[in-house]
Structures are given as structure tokens and as C-alpha cells.
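Subject: Handover of a structure and summary of findings

Dear colleague,

Please find below the structure I agreed to pass on to you. I would be grateful if you could read the notes that accompany it before starting your own work.

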There are 2 protein chains.
Amino acid sequence: MSFPSDPLVPARRAGRRPASSRAAIEEAAGELFLENTYGGTTIEQITTRAGVSRASFFNYFRAKSDLLWGDVDVLIADVASRLSVQRHDVAPLDGIRSAIISLVADITPDRIPLAITQWELMGVREDLLASGLPRFAALAAIVQRHLESRCHLAPALETRAAAFAVVGAVAAASELWASGGPERGSFSGMLDRAITPVCEGFARSVR
Amino acid sequence: MSFPSDPLVPARRAGRRPASSRAAIEEAAGELFLENTYGGTTIEQITTRAGVSRASFFNYFRAKSDLLWGDVDVLIADVASRLSVQRHDVAPLDGIRSAIISLVADITPDRIPLAITQWELMGVREDLLASGLPRFAALAAIVQRHLESRCHLAPALETRAAAFAVVGAVAAASELWASGGPERGSFSGMLDRAITPVCEGFARSVR
DNA sequence: GAGATAGTTGGACCGGGTACAACAATACGC
DNA sequence: GCGTATTGTTGTACCCGGTCCAACTATCTC
């Protein structure tokens with residue numbers, strides 16, 4: 001049972017109901033990207049197939065490239081909360097590694113963004129890169145904040161470098177895992193192998 | 001004295017002379033960015049001030065954001081040649097570190113891109129980020145190629161992770177150095193402090 | 001019903017980027 | 001000097017992503 005004040009059920013008070021949904025637009029976009037590549041698909045084509053107006057697209061996404069990153073943004077935002085519940089007696093860098101690994105363990109195959117699994121089919125490399133750095137920068141900022149809050153010995157340069165290096169390792173593992181065929185190993189294992197050396201390297205200067 | 005076949009002096013053979021130059025456009029752009037920020041300046045304003053047509057802009061730059069990266073692109077390209085002359089008896093990762101550090105040692109203050117020294121004045125963060133990842137990816141690819149060519153023990157995952165982590169450290173040091181005031185330390189020293197832990201961490205798995 | 005509210009839509013507009021054809025200036029062989 | 005190939009410049013038309021906004025529509029509550 002849900003109460004009117006239940007915060008989990010927004011309890012719509014008024015207003016017209018959404019005629020579409022992120023999912024519907026994402027689905028239409030995914031089809032078109034596979035047919036015509038990302039660059040060869042216009043927003044208008046996407047919204048037309050989804051049965052919405054072009055103007056509505058921007059009610060659901062801030063940019064076309066958001067379609068490529070699907071759940072990645074929410075995953076990144078999730079990192080912060082997973083970091084905050086880390087115990088204080090584990091080394092900060094180890095906490096970061098386990099937080100990130102625990103995150104990907106929760107990923108179900110259907111939540112993996114199309115752009116990642118279909119990579120080259122969509123001819124999407126350049127656009128992915130262009131829209132990617134802000135995401136990685138956001139993740140790095142989260143990691144760095146955590147390091148600064150948990151470390152006694154933590155010069156700004158080293159925390160920042162460690163954060164960026166961790167994110168770099170994550171990116172490397174993600175890209176390799178994404179482009180790997182079906183015989184690729186587990187994502188968690190790859191992330192571990194990529195991140196652990198970074199943690200070891202910075203263990204002395206960031207703790 | 002220069003001979004007609006001197007490859008360093010292209011010895012113009014025919015054709016109209018350039019009416020403008022990259023430098024002239026960069027200068028006009030720099031002024032306008034300081035006056036109106038990057039986002040508040042149009043390509044047309046830039047070319048008008050430089051006394052060229054808008055169409056000509058794209059003879060000199062592939063995109064507006066190229067103006068932000070000035071010499072960075074040539075520096076990145078330079079890394080490859082500096083890596084190729086590394087002796088084979090130094091650890092590959094150490095070679096990468098010293099190649100990068102030697103590179104910045106050659107930077108004269110006047111070659112530092114405006115966008116880096118004027119950072120926040122130009123309100124340029126988002127655009128820098130958006131156009132930055134392709135550059136960093138290019139650098140990472142160079143680093144990774146070098147690792148693969150020099151390493152006996154080098155699984156693809158680890159070389160890629162090491163390359164990305166190194167680039168992350170470089171990015172962190174660069175950003176911190178760029179945003180630091182006049183009392184900031186030496187760029188080389190900061191790079192060293194940022195990269196060394198990465199090299200140490202990957203020394204075991206990439207060699 | 002009357003509001004208030006939330007969502008949709010069309011249209012105007014801006015600016016980056018591409019494509020291309022016409023034009024201008026230079027070097028060279030004759 | 002004169003054609004000609006070459007190189008660079010310019011105007012123009014166009015596409016597309018993204019912003020802005022005012023009009024409209026459907027829903028909820030009183």
C-alpha cells in the first residue's frame with residue numbers, strides 16, 4: 001500500500017500525462033543508429049519514429065549524445081553514494097576500487113547502453129569521445145572528493161592524479177570489455193586488473 | 001643559403017599567397033575570447049577582426065575548438081618521436097615519463113595556449129572538456145603503442161590501462177598547473193609527481 | 001465547472017560545420 | 001608578354017544540433 005505522502009510514489013497532482021518516455025525514444029534511436037549510424041541519424045528522424053515532436057526530444061534528453069550514454073550517467077552518480085558508505089578502516093584507494101567493482105556487478109545485460117555493445121556498428125567513436133570527457137571528469141571529481149575526505153596524507157596534486165589515473169584505468173577496461181567479443185572475461189575481473197596497479201602505485205603518497 | 005630542393009624551405013612553386021595566417025586568427029580569437037568569452041564569440045566575429053572571410057577560417061582550423069588547443073596537438077604528435085628514440089634498456093614506463101617531461105621542458109611561455117593560462121576568464125570549461133577527450137585518446141594511443149612495442153610481458157588490458165592512467169596523471173598535473181597562480185611550482189616537477197606513482201604501480205605487470 | 005499544473009507542439013532563430021563553384025593571385029614554360 | 005597550372009580566398013547555399021518561447025492540451029483538485 002502507498003500513502004499519498006509516500007515520497008517514492010510522486011503521487012501525480014495535476015497536469016497532462018507524458019505522451020512518451022525516455023525508453024521509447026531510446027528504442028527508436030537504437031534502431032536508427034543501427035540502420036544509418038549515429039552521425040547519419042537526425043533527431044527529427046528519431047522523434048518521428050518515436051511518434052513525438054522534435055521539441056519534445058529535449059524534454060527527455062539534453063543532447064543527442066545523451067542517447068549514447070544511457071545509464072552511464074546514473075551509474076556515475078551512484079558511485080558517490082557507494083563511496084560514502086565505505087568503512088573508514090579500509091584504505092581510501094581500495095575503497096574506491098571495490099565501490100566501482102561492486103557497481104558493475106549490479107549491471108544487468110539489458111542495462112548496458114547500446115552504444116557500448118554496438119560500438120563500431122554505429123560509427124560512433126568520435127561522438128562518443130567528444131561527449132565522454134565531461135562524464136569521466138565528473139567521475140574523477142567524485143573520486144577525488146572521496147580521497148580528500150578520507151586521506152590524512154593527500155596533497156592536491158596526488159589526489160587529483162590518482163583520481164584521474166583511476167578513471168583512466170576504468171575507461172581502458174570498459175573500452176576493452178566493450179569491444180571484446182563474447183569470449184571476453186568478466187567485467188569485474190578486468191576492472192580489478194586495471195585499477196589495482198593504480199591503487200598500489202598511489203598507496204604511498206595518498207593515504 | 002637555401003637550395004631549391006631544401007625540404008625545410010618549401011620553395012613555393014605556384015599559387016596565390018596566403019592572405020592570412022593561423023597566428024593572425026589565433027590572436028584575434030584570443031582578444032575576443034577575453035572580451036566576450038569563448039561561447040560568446042562567433043567564428044564570424046573572429047574572422048572579421050582578423051580581416052578574413054568566415055570560409056577561410058576552415059582553411060586554417062578544422063573546428064572552433066581547435067583554437068583552444070593551439071600547440072597541444074603538435075606537442076602530442078611530438079611525443080611519438082620522442083618515444084621512438086628512447087633507449088631500449090630503460091623500463092618502458094620510465095621512458096614514457098621522461099619523454100613527456102622532456103617535452104614540457106621545451107615549452108616556452110609564449111607557446112602555452114591562451115585557453116590554458118586564461119582558463120576561467122574565457123568561461124571555457126565545458127568546451128574544453130568536450131574537445132579534449134579526442135586529444136587525450138590520441139596521446140593514450142601513442143603511449144600504448146610504445147608500451148606494446150617495447151614490452152615482453154604486456155597483456156593488452158594492462159598496457160591500455162597503464163596508458164590511460166598515465167594520460168590521466170598528465171591531465172591532472174596539467175590542469176592543476178594551469179589553474180595554479182604564479183606561485184605554482186615547476187610543471188616538470190608536478191608531472192613527475194603525478195606520473196611516477198602510475199609507473200611504479202604498473203611496473204610489475206607491464207615490462 | 002474554474003483554476004492550476006505538467007506536458008506537448010510548432011516555429012523562429014542562432015551558430016558550427018560542410019560543400020562547392022567562382023574568383024584572384026602567383027610561378028613557370030614558352 | 002601570354003596561357004596555364006596551382007594555390008589560396010570568398011560567397012553562398014545548405015544541414016543539423018540546440019535554445020527559446022508562446023500557444024495549446026490534458027489532467028488533477030477544489
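The notes below take up the DNA contact, the interface between the chains and the domains of chain A in turn.

Please keep in mind throughout that this is a predicted model.

Contact with DNA strand D

DNA strand D is surrounded by 26 residues. The closest of them are R13(A), R54(A) and K64(A) from chain A, with R16(B) and Y60(B) from chain B. Of the atoms of DNA strand D that come within 4 Å of the protein, 67% belong to sugar and phosphate.

Three individual contacts may be of use to you:

- The side chain of R17(A) places an N or O atom 3.4 Å from a phosphate oxygen of DNA strand D.
- In R16(B), a backbone N or O atom is 2.8 Å from a base oxygen of the strand.
- In A19(B), a backbone N or O atom is 3.0 Å from a phosphate oxygen of the strand.

As for secondary structure, the elements that give two or more residues to the surface near DNA strand D are α3 (54-60) of chain A and α3 (54-60) of chain B. The largest share, four residues, comes from α3(B). Sorted by class, this surface holds 10 nonpolar, eight polar and eight charged residues.

Interface between chain A and chain B

The size of an interface is often given as the accessible area lost when the parts come together. For chain B and chain A, the buried area is about 2600 Å², and carbon and sulfur atoms carry 71% of it. Within the area that chain B buries against chain A, L133(B), L157(B) and R193(B) supply 22%, more than any other three residues. In terms of contacts, 32 residues of chain B meet 32 residues of chain A.

The polar side of this interface can be summarised briefly. Six salt bridges are counted between chain B and chain A. One salt bridge joins the side chains of R193(A) and E158(B), with an N to O distance of 2.9 Å. There are also six residue pairs in polar contact between the chains, with both residues at pLDDT 80 or more.

On the side of chain B that touches chain A, α8 (125-150), α9 (156-179) and α10 (187-202) of chain B each provide at least two residues. The largest share of that side is the 14 residues from α9(B). By class, the side consists of 22 nonpolar, four polar and six charged residues.

Domains of chain A

Chain A is divided into domain 1, residues 22-63, and domain 2, residues 68-202. The C-alpha centres of these two domains are 28 Å apart. Six residues of domain 1 of chain A and eight residues of domain 2 of chain A take part in the contact.

The two domains bury about 620 Å² between them, with 73% of that area on carbon and sulfur atoms. On the domain 1 side, F33(A), L34(A) and Y38(A) lose the most area to domain 2 of chain A, and together they give 68% of what that side buries.

Which polar interactions were counted here? Between domain 1 and domain 2 of chain A there are zero salt bridges, and the count of residue pairs in polar contact, with both at pLDDT 80 or more, is likewise zero. The side of domain 1 that touches domain 2 comprises three nonpolar residues, two polar residues and one charged residue.

With kind regards

How values were computed: Residues numbered from 1 in each chain as written. Chains lettered and ligands numbered in written order. Predicted model: local features only at pLDDT ≥ 70, side-chain atom pairs only at ≥ 80, totals over all residues. Heavy atoms only, no water. Near = heavy atom within 4 Å. Polar contact = N/O pair within 3.5 Å; in protein donor to acceptor, adjacent residues only side chain to side chain. Nonpolar A, V, L, I, M, F, W, Y, C, P; charged D, E, K, R; others polar. Contact = heavy atoms within 4.5 Å. Buried area = accessible area lost by both parts, 1.4 Å probe. Salt bridge = Lys/Arg side-chain N within 4 Å of Asp/Glu carboxyl O. Domains from an automatic or database assignment.
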